[in-house]
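User: I would like a close look at one part of this protein, with enough of the surroundings to place it. Please keep to what the model shows.

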Amino acid sequence: MFCSGRPSVGSGRLRGPVARRTQFRLLVVITLGWLTWAGWTLLEDPQPFTLRVVDDVGDPVVNAVVAAQSRQLGITGTEGLLDVDPSGELIEISAPGHVSATFTITPPDDGLFDVVLKARVLRGKVVDSDGRPIEGATVVAGPARARSDEQGRFAARGAEPGPVVVGRPAWEPVEFEWSGGPGEKEIVMEPIMVKAVHISGEAVEERFETFVEMAASTELNALMVDLKEESGQVLYESEVPEVAEYSADAGLYDLAAVAEVAEQNDLYLIGRLVTFQDPIAARANPEMAVWDEETQAPFTSRDQYFLDPTDPVARAYALDIAAEACALGLDEVQFDYVRFPDARPESVRFDAGVTIDIRAEAIRSFLGEARSLLHPLGCAVAVDVFGFVTTATDDGGIGQRWEDITSAADVVSPMVYPSHYDPGWYGLESPNEHPHVVVDRALADGMARMSSRVVVRPWLQDFGYSAAQVRAQVEVAEKHGLGWMLWNATSEVTVGALEAD
């Protein structure tokens with residue numbers, strides 16, 4: 001009960017109605033004690049009762065230690081309850097994340113005695129170096145956990161004084177000491193400045209050590225390995241049932257062993273997963289493929305087959321692979337080809353239609369599902385997008401609308417390859433001849449249009465260029481305060497473009 005039987009918080013005896021009832025009981029005991037001396041027995045021995053410990057908002061406090069001056073009476077269990085014997089002793093009750101209190105307890109009439117412990121609350125705000133709020137940061141202070149909201153604010157109830165750890169996937173963790181006092185704490189976080197190169201499945205199998213050595217001697221601090229490629233093959237040794245069912249299991253390398261080597265060398269490990277472009281799965285399970293009513297077969301164009309981004313089975317297939325890979329030791333899962341096919345006739349059908357809002361929502365919600373699944377496993381959710389998306393105001397017909405993408409993922413990687421831009425982009429007759437201009441304009445447009453504080457980490461072109469041209473792109477990305485990744489389909493890295501460690 002939470003009425004007249006509730007004690008006040010703090011040390012000393014009870015006040016108010018409970019105190020008056022206690023005084024009355026003492027009077028009765030004294031009187032009956034005299035009557036007992038006279039030879040009468042009018043009062044039975046007091047019975048055991050239940051102690052219930054709650055916090056200042058009425059939530060039960062589990063594992064609260066209840067102790068008398070000379071002994072421990074027990075620890076509260078489920079619902080904050082503990083059965084105790086009658087006692088008029090001074091009782092101390094303590095629990096992690098709460099202010100301890102002392103009481104003189106008298107057995108209640110109804111067999112239930114409530115004690116209130118005030119919870120300690122760590123309040124604050126998580127921001128980036130520019131003061132912009134960071135949503136989704138996890139704050140851990142002893143037994144208490146909290147997440148920052150859209151304004152970056154959090155309140156960790158039941159926080160314990162001492163070390164506090166603040167983390168968010170793809171961001172550098174922050175640790176500090178909290179005294180337990182009042183006031184708000186401002187926590188400044190910085191994104192992990194990833195500098196990585198692409199490693200194909202074959203390259204992982206045949207020469208992974210080469211890339212580890214490359215990272216040891218250059219500025220690289222991360223590696224990006226292919227998990228599932230454009231052919232639909234899953235390149236690592238997977239136990240997801242559908243991988244074997246679809247005959248997609250290439251099994252080129254042991255991902256757990258790769259992750260262990262990366263950890264030993266303090267390298268951030270990213271796994272790239274080609275998502276909806278999948279010829280193997282589309283032919284093995286046509287029901288989850290984009291369907292062509294004219295041919296009565298999975299739609300294909302330019303040797304590409306797409307799974308339907310609105311189909312729950314297609315989405316689950318990618319997410320199951322991502323969860324398995326994350327559990328094997330990745331820091332980040334990077335979803336590539338998270339889009340609708342860019343060229344499609346009127347005869348093509350999707351489960352939920354194909355209007356711009358449906359397209360954009362399908363991609364946004366898929367990334368939201370990925371975050372819900374992978375964050376508890378410790379992985380960031382990244383997504384690759386076409387470079388033009390940073391500038392285009394629509395979704396390009398493929399569901400990649402910049403404002404939606406940047407609100408749903410932890411990391412967004414625009415593929416700002418100058419060779420992929422047609423003449424006329426950014427006023428350039430031949431964009432491929434001006435890599436630093438293309439990268440600069442594309443990133444400036446994207447950074448100005450972000451709908452939330454997301455990590456932007458571009459893919460840079462490492463094919464068909466000299467070391468100086470590759471380096472020019474790197475310097476532009478770093479001028480914008482961003483990390484970067486070098487793309488070469490065959491994983492032939494232009495080492496001359498990298499700074500020595």
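How do strand E12 and E13 pair, and over how many bridges?

Analyst: This is a predicted model, and the answer below rests on its coordinates.

Strand E12, residues 162-167, pairs with E13 in the antiparallel sense, and five bridges hold the pairing. One residue pair can be picked out by eye: Val164 has Phe176 in E13 as its bridge partner.

The two strands belong to an open sheet of four strands. Reading across the sheet, the order is E10-E9-E12-E13, and the pairing is antiparallel. E13 (174-178) stands at one edge and E10 (144-147) at the other. Each of these edge strands has a single partner strand, so one side of each has no neighbour in the sheet. From one strand to the next, the twist averages 20°.

A second sheet can be set beside this one. It is also open and has four strands, in the order E3-E2-E5-E6, with antiparallel pairing. Here the edge positions belong to E3 (72-75) and E6 (101-104); both have a single partner strand, so each is left with one side that lacks a neighbour in the sheet. The twist in this sheet averages 20° from one strand to the next. Within the sheet, E2 (residues 65-67) and E5 (residues 90-94) run antiparallel and are joined by three bridges. Val65 finds its bridge partner in E5 at Ser94.

The loop that leads into E2 has a backbone feature to check. Asn63 lies in the loop between strand E1 (49-55) and E2, and this residue has a positive phi of about 65° although it is not a glycine. Most residues other than glycine have a negative phi. Asp266 is another case, with a positive phi of about 55° although it is not a glycine either. Asp266 sits in the loop between helix H4 (255-264) and strand E19 (268-274).

Further along the chain there are helix contacts to consider. Helix H6 (residues 312-327) and helix H7 (residues 356-374) have axes that come within 10 Å and cross at roughly 30°. With the limit for roughly parallel set at angles under 35 degrees, H6 and H7 are therefore roughly parallel to each other. The crossing of H6 past H7 is right-handed. On the H6 side, the contact is made by Arg315, Ala318, Leu319, Ala322, Ala323 and Cys326; these meet Ala362, Ser365, Phe366, Glu369, Ala370, Leu373 and Leu374 in H7. By class, this contact of H6 with H7 has 10 nonpolar, one polar and two charged residues.

Helix H9 (residues 435-448) and helix H10 (residues 467-479) pack at an angle of about 25°, and their axes are 8 Å apart. That angle makes H9 roughly parallel to H10. H9 also passes H10 in a right-handed crossing. Pro435, His436, Val439, Asp440 and Leu443 in H9 meet a set of H10 residues made up of Gln469, Ala472, Gln473, Val476, Ala477 and Lys479. The residues of this contact divide into six nonpolar, three polar and two charged.

A word on confidence closes the account. The mean pLDDT of the protein is 89, and 90% of its residues reach 70 or more. Over residues 1-43, however, the pLDDT is below 50, although this stretch has 47 contacts in the model beyond near neighbours in sequence. Where pLDDT is low, the predicted coordinates should not be read in detail.

Technical notes
Residues numbered from 1 in each chain as written. Predicted model: local features only at pLDDT ≥ 70, side-chain atom pairs only at ≥ 80, totals over all residues. Heavy atoms only, no water. Axes fitted to C-alpha atoms, helices over the stretch in contact; angles between N-to-C directions. Parallel < 35°, antiparallel > 145°, perpendicular 65-115°, else oblique. Left-handed = near helix turned anticlockwise from the far one by under 90°. Contact = heavy atoms within 4.5 Å. Nonpolar A, V, L, I, M, F, W, Y, C, P; charged D, E, K, R; others polar. pLDDT = per-residue confidence, 0-100. Pairing = 2+ DSSP bridges.
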